[in-house]
Structures are given as C-alpha cells and as structure tokens.
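User: I'm new to reading protein models and keep meeting words like "buried" or "parallel". Could you show me how such labels are earned?

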Amino acid sequence: MSSQSSISRFIPNPKTVAIVGCPFRAGQAKLGVDNGPIHLVEAGLPRQLEELGWKVHFDGHHQFEEIATENDPPIGKLKNPRFVSRVCKAVAKAVGDHAKKGQLPLTLGGDHSLAMGTISGTLDQYPDACVVWVDAHADINTADTTDSGNLHGMPLSFLLGLGEKFEEFSWIKPVLKPERLVYIGLRDVDAGEKRILRENGIKAFSMHEVDKYGIGKVVEMALDHVNPKRERPIHLSFDVDALDPSVAPSTGTPVRGGLTFREGHYICEAMYETGCLVALDIMEVNPSLADPEAVKQTVAVGCSLARSALGETLL
C-alpha cells in the first residue's frame, strides 16, 4: 500500500493527526465496545499513520470518570444520560482543541453516542463543516421515538436540535443543519427515524442506492449534496457496522447486507481525495463479541479504514 499526498485545504503541513482514544460504552448496553480503541492502538495504528507521512499525536486514552449507575438513573427513556453527556462534553473539548491547533482529530470509539462530542468539537472550529455519516443505522432517534433509550442511537437528533430538550445536554448547540448531513449505507432504520429523515429533508443513501448506482456514484451524489464545490470541511463519522458482518463481525449491532470491504474503503479514499477532511471517527469496534479471529479481522478493518481516510492508496 502506498500513500498519496493530497493537498489539504484545512490541515497545514506538517500534517498532524491527533488520536482521541475513547474507551466508552455507556451509550449502549453491550460490554466490550470500550475496548475497541485500545485494540486499534495496540494493533499499531499510530505507527501505520506515521508511515503514511503523518505526525501522530497520541498521549494515551481518555480516562472517563465513572459515575455509578445508581447515581445516573434514566431521564425518561434515556439511559446513563449524565455519564454520556459528561463524557461527550469532554470529547467535544478535546476534538475542538485539536482542530484549533490545525490537527486532524481521529476519534476511536467506543459507541457512537460519542459523535455528540466529536461533531460538536469539529463544528466549533469549522462552523460550515458537513457530516458524512456511514452507518447501518440512522442514529437520529429522539426521546419520543427511541425504543431502547440507548443514546448511541440518538446523537444526530441532539446535534440537529430535534425532539425534547434536556438540561443535562444543554451544552450541545444545535449547530448541525439538515442540509449539511448525508448518510451512506443505511439498512436498519426505525419507523420514527424514517419520518424524521423525511420531515427534515435529510439526504440518505441506503444500501438500495449503493446496489442501484454503485459506490462511486453514491459517494459523488452524497458529496454533491453536502459539499457541491468541495470546499467545505468534512467530518467523516464511520460506524464499522456499516460494513457487512462478513467483513466486520465484531460489532454491537451487526445487520446483514452491508457495505463490502472495498465499498467501505472507497468511501474513505474518496473523502481524503477531496482535500477537505478535517475530522474522522471510527466507531463501534467491539472486541468482545466474536471469536479471536473475527475480532482480529474487525480491528484490522478499523485500522485500514482510518489509513484509507488519511491517504493510503492501492497504487
């Protein structure tokens, strides 16, 4: 594999990637997703990015203050609301601080509730940024539409300012506009979420469109929608469950019929080629949900997605 030097519109040379390790799982119920970032780093991701020509800033994983569950009762249906809010606020500050220094924050999750923090941090520095959300799930439930109360299925509703307002999450400013968000890879969307997408005119390319048009055309259409002149900063938030379980088996909510290995990597390569990528999330690698070989495979895929988004090319 080789790296391709692309002129970045926003990240000055020498290009620095800041790894934000977030061993965190309170946005959902399954054990183990908090170990995802640790496995990704232990698999050699910092060194791999250095080999692509990046300066890598990584000063250890964030240590999140545990809040005993009994001190964090649900608010309505929302589970672990105070813990999730406090952690996401800390992540927003970390990501925003790196962005302000001209670094590209690479956040390793952990569950996808963390995007409340990562995208808040990005938009603090780049208010006109757009978000490309690659996921099997829309993660846009509100307190009204959620069945589970798991906050990893709700980050985008908070970022868009949809649904009921909660004092605990008042720090999240609704700075993301519906026209600056686009989805790729959806295939397991709740009825309430479908309604939210329709009512807010949010552009989504499900697996149906990927099948119909091919991934190259879908990525082009997605970028034409949120970034028509390819001049806005891009935040790429990639949940590994967007990939088919045959590609990334060790994740919390696998759904058959997902992106192939190459389709997932093509999305990342295309984002890098724009020269507009300013932040990257790799989320929901869960090393406890499969046999050791499948875990190794999923961790390796998480690393290779990050490399592709940061300039690794096939030739």
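Analyst: Happily! This is a predicted model, and we can begin with a pair of helices. The axes of helix 9 and helix 10 cross at roughly 30 degrees and come within 7 Å.

User: What makes helix 9 and helix 10 roughly parallel to each other?

Analyst: Set the angle against the cut-off: angles under 35 degrees count as roughly parallel. The crossing is at roughly 30 degrees, and therefore the two helices earn that label. Helix 9 makes the contact through Phe 261, Gly 264, His 265, Cys 268, Glu 269 and Tyr 272, and helix 10 through Val 301, Ser 304, Leu 305, Ser 308 and Ala 309. Sorted by kind, these residues give six nonpolar, four polar and one charged.

User: Why is helix 8 called oblique to helix 9?

Analyst: Helix 8 (residues 215-226) and helix 9 (residues 261-273) pack at an angle of about 40 degrees, with their axes 10 Å apart. That angle is not under 35 degrees, nor does it fall in 65 to 115 or over 145, so it belongs with the rest, the oblique ones. Hence helix 8 is oblique to helix 9. Their crossing is right-handed. Among the residues in this contact are Val 219 and Leu 223 of helix 8, and Tyr 266 and Ile 267 of helix 9. The contact divides into seven nonpolar residues, one polar and one charged.

User: How do you know that helix 10 is largely enclosed by the rest of the structure?

Analyst: By counting: 13 of its 18 residues are buried, so helix 10 is largely enclosed. Its length can be checked too. At 1.5 Å a residue, helix 10 (residues 292-309) should span 26 Å, and its end C-alpha atoms are 26 Å apart, which agrees. After helix 10 comes Gly 311, with a positive phi near 115 degrees.

User: Why does Ser 170 count as partly exposed, and what makes Ala 136 buried?

Analyst: Buried means under 20% relative accessible area and exposed means over 50%, with partly exposed in between. Ser 170 has 40%, so it counts as partly exposed. Ser 170 sits in the loop between helix 5 (155-160) and strand 6 (181-186). Ala 136 has a relative accessible area of 0%, so it is buried. Ala 136 lies in the loop between strand 5 (130-134) and helix 5. Leaving aside neighbours within four places in sequence, its contacts include Gly 185, Leu 186 and Val 255.

How values were computed: Residues numbered from 1 in each chain as written. Predicted model: local features only at pLDDT ≥ 70, side-chain atom pairs only at ≥ 80, totals over all residues. Heavy atoms only, no water. Helix = DSSP H or I, 4+ residues; strand = E, 2+ residues; numbered from the N terminus. Expected span 1.5 Å × (residues − 1). Buried < 20%, exposed > 50% of the residue type's maximum accessible area, 1.4 Å probe, protein only. Axes fitted to C-alpha atoms, helices over the stretch in contact; angles between N-to-C directions. Left-handed = near helix turned anticlockwise from the far one by under 90°. Contact = heavy atoms within 4.5 Å. Nonpolar A, V, L, I, M, F, W, Y, C, P; charged D, E, K, R; others polar.
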